[in-house]
Amino acid sequence: MISVVPAEVRTLISAVAVIIVAGCSTPVPPGPPNPATFPRTRPELTSYRETSRYRDVRSFLDSLRTLRAPLTFGSIGKTNEGREIPYVIASRPLVSTPSAARALGRPIVYVQGNIHAGEVEGKDALLALVRDLAFAEKPNALDSIVLIAVPIYNADGNERFASQSVNRTEQNGPELVGIRANAQNLDLNRDYVKAEAPETRASLAMFNTWDPDVFVDLHTTNGSYHGYALTYSPSLNPAAVFGGVYARDSLLPVLRQRMRIRHGFETFDYGNFISDERNGVDTTVREGWATYDPRPRFGTDYYGIRGRIGILSEAYSHDPLERRIASTYAFTREILSLVGEREAAIRSLSARADSQPLGWGPSPDSLRTVSIRSQLTKTPLMLDVIKEDLEKTGDSSITQPGVPRGLRRTGRFAPVRMPVYDRFTSTLDRAAPAAYVVAPGDTAAVTLLRLHGIRVDRSDTAWSARGEAFVIDSIITAQRPFQGHREVRLKGRWERGLQTMLPKSFIVSTAQPRGALIVYLLEPESDDGFTTWNLFDSRLQKGGRFPVRRILDLSRRGRGAAIRRSSASSLRELQN
Ligand SMILES: [Zn+2]
């Protein structure tokens, strides 16, 4: 599916494409584009021995532009080292602004490659897919969706090329790949709540302005020897009540079937064999298959709590690059087609997710709850999972890149019936208040809320209202640093009573889209909120009150309590 060019003419095309890759000033051939003039990705040009460098991605996109491909080109922002992070928009008719995209009334799908820059095939598959869809003459997904493709999200990490044996120890090539982290040594797929990396801030800005209905994050697996070309996951967080459940029960089973029937690829829910996990989820379980983590620090989990669909794609690290590109290409293409077919259902899902919290502000007593902590299900399904046998070589030889010394793959695959832990259940639900009130001094938290696309107002005068304050009984700080933080967990209790707010307090009404995200970020007991990432550390004291309070009824706020809507100027003032 990736190459539409017969092998015999590929040598000639490679020669042409090398010229295109080398410089973007190639003259435009007359007439409509034909496959012989399509640009080729770095893997296509090197028989899948190499992945794209940053300059290859830029040149590839430049050649699409030179060929007048019907695409909109832009940058989501700059990396830490100042590289532009390119995006491409593809749709028929073509759009270039969020309002034009919305006017089409179609789902918007945001596909991101390369967040872990050693996991390279998402980047290269996405470039090929954009090219093939844009130049296709027959109708395709671009007639029913708007695609935003971000092929090289972690561009700085991509440029830290080193041997796969150093940068991606469990991967079957290519020989040279980038690293997992960005230039600040931050894992971008742990940064979606705290948003410390410029890359994360740029992607949040894209989420806020384009408001995609679907977010797809392309990765490569790290661990188990299984029989799947690709594994996938919906948003796992129980707070992802809209997109999480819909993707899990309605989209992914269909995608699995299509991958098998149309492409010959076996796929399954993302996970690892519990026997392979050093920090197993449950030490009493010897054999089983378990998914990963539901917290919103992970992009697709985060995206589900925004009330949208998040899909994680994990190509099999022990497959060679060509097959990983092919499976990622096929999976992404099938997602775009299926979202196009389900156009109306997906748009209505997004609308319902946005309108549900609107009732929370005026009638908080309706007690709509949001899950803020969860655990792996205790009732796994019993299913067949395909396993590959490995055998000992009898010496310390390396048999294949990514396979540990002294072991070799056998190619013997067999289904084994075992418990499959593919979901999480809530262990703590909290009712959404009408609003949260943030103290005047907590401007860092307010700035971060706004980065998440949350509206924050400000009251000029003092006021009081019925509400709740959280009394801190204990502060549990992680022993080990993680991503430059010592994560904090609070225990305590809510006390109801009249809350008096200082002038210049910030008011975060939950009656707005992303209401569930507001609750997740601000609740003191959340397992991945602002408290976790030390935003309130200086304000926390055992026996003291948590600095964010819940207001149960905004309508009784005293007269004269003027509320100012947030504006760009007040945001700038806060960032100083
Ligand atoms: Zn990854």
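What spacing do the donors of the zinc ion follow along the chain? The donors follow H-x2-E-x99-H. The legends below describe close-up views of a predicted model.

**Figure 1. The zinc ion and its protein donors.** The zinc ion has protein donors from His116 (ND1), from Glu119 (OE, listed twice) and from His219 (ND1). These donors lie 2.1 to 2.6 Å from the ion. The angles among the four donor atoms run from 54 to 151°, and the site is irregular. Four donors would count as tetrahedral if all angles lay between 85 and 135 degrees.

**Figure 2. Glu119 and His219, a pair that links distant parts of the chain.** Glu119 is in the loop between strand S3 (108–112) and helix H5 (121–135), whereas His219 is in strand S7. The two residues are 100 residues apart. Are Glu119 and His219 buried or exposed? Glu119 has a relative accessibility of 2%, so it counts as buried. His219 has a relative accessible area of 3% and is buried. The cut-off for buried is under 20% relative accessible area.

**Figure 3. Two cis peptide bonds that lead into prolines.** Most peptide bonds are trans. The bond from Arg92 to Pro93 is cis, with omega near 0°. Pro93 sits in the loop between strand S2 (84–90) and helix H4 (98–103). Gly173 and Pro174 are also joined by a cis peptide bond, with omega of about 0°. Pro174 belongs to the loop between helix H7 (164–167) and strand S6 (176–177).

**Figure 4. Asp211 and Asn534, two residues with a positive phi.** Most residues other than glycine have a negative phi. Asp211 is not a glycine, yet its phi is positive, about 45°. Asp211 lies in the loop between helix H8 (198–210) and strand S7 (214–220). With a relative accessible area of 23%, Asp211 is partly exposed. Asn534 is not a glycine either, and its phi is positive at about 75°. The loop that holds Asn534 runs between helix H14 (515–522) and strand S22 (548–551).

**Figure 5. Helix H3, residues 54–66.** How far apart are the end C-alpha atoms of helix H3? They are 18 Å apart. Helix H3 has 13 residues and, at 1.5 Å a residue, should span 18 Å, so the two values agree. The expected span is 1.5 Å times one less than the number of residues. The buried residues of H3 include Tyr54, Val57, Phe60, Leu61 and Leu64, and Asp56, Ser59 and Ser63 are also on this list. After H3 comes Arg68, which has a positive phi near 55°.

**Figure 6. Helix H13, residues 443–451.** Which residues of helix H13 are buried? They are Ala445, Val446, Thr447, Leu448, Leu449 and Arg450. Gly453 follows H13 and has a positive phi, near 80°.

**Figure 7. An open sheet of four strands.** The strands are in the order S10-S11-S15-S14, and their pairing is mixed. Strand S10 (272–273) and strand S14 (381–392) are the edge strands, each pairing on one side only. Strand S11 (residues 289–290) pairs with strand S15 (residues 407–421) in the parallel sense, over two bridges. Which residue in S15 stands opposite Ala290? It is Tyr421.

Methods. Residues numbered from 1 in each chain as written. Predicted model: local features only at pLDDT ≥ 70, side-chain atom pairs only at ≥ 80, totals over all residues. Heavy atoms only, no water. Buried < 20%, exposed > 50% of the residue type's maximum accessible area, 1.4 Å probe, protein only. Donors = N, O, S within 2.8 Å, 3.2 Å for Na, K, Ca; no water. Tetrahedral: all angles 85-135°; square planar, octahedral: opposite > 155°, others 65-115°. Pairing = 2+ DSSP bridges.
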